[in-house]
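Q: Hi, I have just opened this one and have not looked at it before. Could you walk me through it step by step?

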Amino acid sequence: MRILCATVALSLAAPVWANGTDEDLCGASGFQGLVGQSAEIARMLELDQPVRVIPPNSAVTMDYRPDRINFELDEDDRIAVVRCG
């Protein structure tokens, strides 16, 4: 429950990008409407940029790519967070 509450709080907060600026270099702001939707939507997207769909508790590389969009999933296989990186 605590993780779910933190995820909801993050999704409602104003975007803060991993590089510490308010720049939205990957276009994540345009996908915020997908938060709460099925992860299948993120998996089916065909974008002209790198995309990661990240299940909960998954290991991912820590390299920061400002052009890459990340769809972080929750335990119910729904999109919880959309961010650049």
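**A walk through the chain**

A: Read from start to end, the protein chain follows the pattern α-α-β-β-β, and please keep in mind that this is a predicted model.

Q: How many helices and strands are there in the protein chain?
A: The protein chain has two helices and three strands. Helix α1 covers 2-12 and helix α2 covers 39-44, with a loop between them.

Q: And what share of the residues counts as buried?
A: Of the 85 residues in the protein chain, 26% count as buried.

Q: Okay, the strands then. What order do they have in the sheet?
A: The three strands make an open sheet in the order β1-β2-β3, and the pairing is mixed. Strands β1 and β3 are the edge strands, each of them pairing on one side only, and the twist from one strand to the next averages 15°.

Q: Which way do β1 and β2 run, parallel or antiparallel?
A: They run parallel, with four bridges joining strand β1 (residues 51-54) to β2, and within this pairing valine 51 stands opposite isoleucine 69 in β2.

Q: What about β2 and β3, in which sense do they pair?
A: That pairing is antiparallel, and it extends over five bridges between β2 and strand β3, which covers residues 79-84. Here isoleucine 69 stands opposite cysteine 84 in β3, so isoleucine 69 has a partner in β1 as well as in β3.

Q: Is β2 mostly buried or exposed?
A: Four of the five residues of strand β2 (residues 69-73) are buried, so β2 is largely enclosed by the rest of the structure.

Q: How many residues lie between the strands in the hairpin of β2 and β3?
A: There are five residues between the strands of that hairpin, and aspartate 77, in the hairpin, takes a positive phi near 60°. Aspartate 74 also has its place in the loop between β2 and β3, and its side chain reaches the backbone nitrogen of aspartate 76 at 2.9 Å.

Q: What is the nearest side chain of opposite charge to aspartate 74?
A: It is arginine 78, at 6.2 Å, and aspartate 74 has no salt bridge although it is buried. The cut-off for a salt bridge is 4 Å between a side-chain nitrogen of Lys or Arg and a carboxyl oxygen of Asp or Glu.

Q: Changing topic, how many disulfides are there?
A: The count comes to one disulfide. It is formed by cysteine 26 and cysteine 84, whose sulfur atoms are 2.1 Å apart, and with -90° about the S-S bond the link is left-handed.

Q: Which parts does that pair tie together?
A: Cysteine 26 lies in the loop between α1 and α2 while cysteine 84 lies in strand β3, so the pair ties together parts that are 58 residues apart in sequence. Both cysteine 26 and cysteine 84 are buried.

Q: Staying with that loop, what does the side chain of aspartate 24 reach?
A: Aspartate 24, which is also placed in the loop between α1 and α2, reaches the backbone nitrogen of glycine 27 with its side chain at 3.1 Å. In addition, the backbone nitrogen of alanine 28 lies 2.7 Å from a polar atom of the aspartate 24 side chain. Aspartate 24 counts as partly exposed, at 24% relative accessibility.

Q: And how far apart are aspartate 24 and isoleucine 69?
A: In sequence they are 45 residues apart, and in space the C-alpha to C-alpha distance is 9.8 Å.

Q: Last topic: how many salt bridges does the structure hold?
A: The structure holds five salt bridges. One of them joins glutamate 72 and arginine 83, with the closest N and O atoms 2.3 Å apart, and this pair links distant parts of the chain, since glutamate 72 is in strand β2 and arginine 83 is in strand β3, eleven residues apart.

Q: Which residues are linked in a network of salt bridges?
A: Glu40, Arg43 and Asp77 are linked in such a network. Within it, the side chains of arginine 43 and glutamate 40 meet at 3.7 Å, N to O, and being three residues apart in helix α2, arginine 43 and glutamate 40 are separated by about one helical turn.

Conventions:
Residues are numbered from 1 along each chain as its sequence is written. This is a predicted model: local features need pLDDT of at least 70, side-chain atom pairs count only at pLDDT 80 or more; totals for chains, interfaces and linings use all residues. Side-chain values use heavy atoms; hydrogens and water are left out. Buried means under 20% relative accessible area, exposed over 50%, partly exposed in between (1.4 Å probe, protein chains only). Two strands pair if DSSP finds at least two bridges between them. A polar contact is a pair of N or O atoms within 3.5 Å; within protein, one must be able to donate a hydrogen and the other to accept it, and residues adjacent in sequence count only if both atoms are side-chain atoms. Axes are lines fitted to C-alpha atoms, for helices over the stretch in contact, and angles run from 0 to 180 degrees between N-to-C directions. A disulfide is a pair of cysteine sulfur atoms within 2.5 Å. Lys and Arg count as positive and Asp and Glu as negative; His and the chain ends are not counted.
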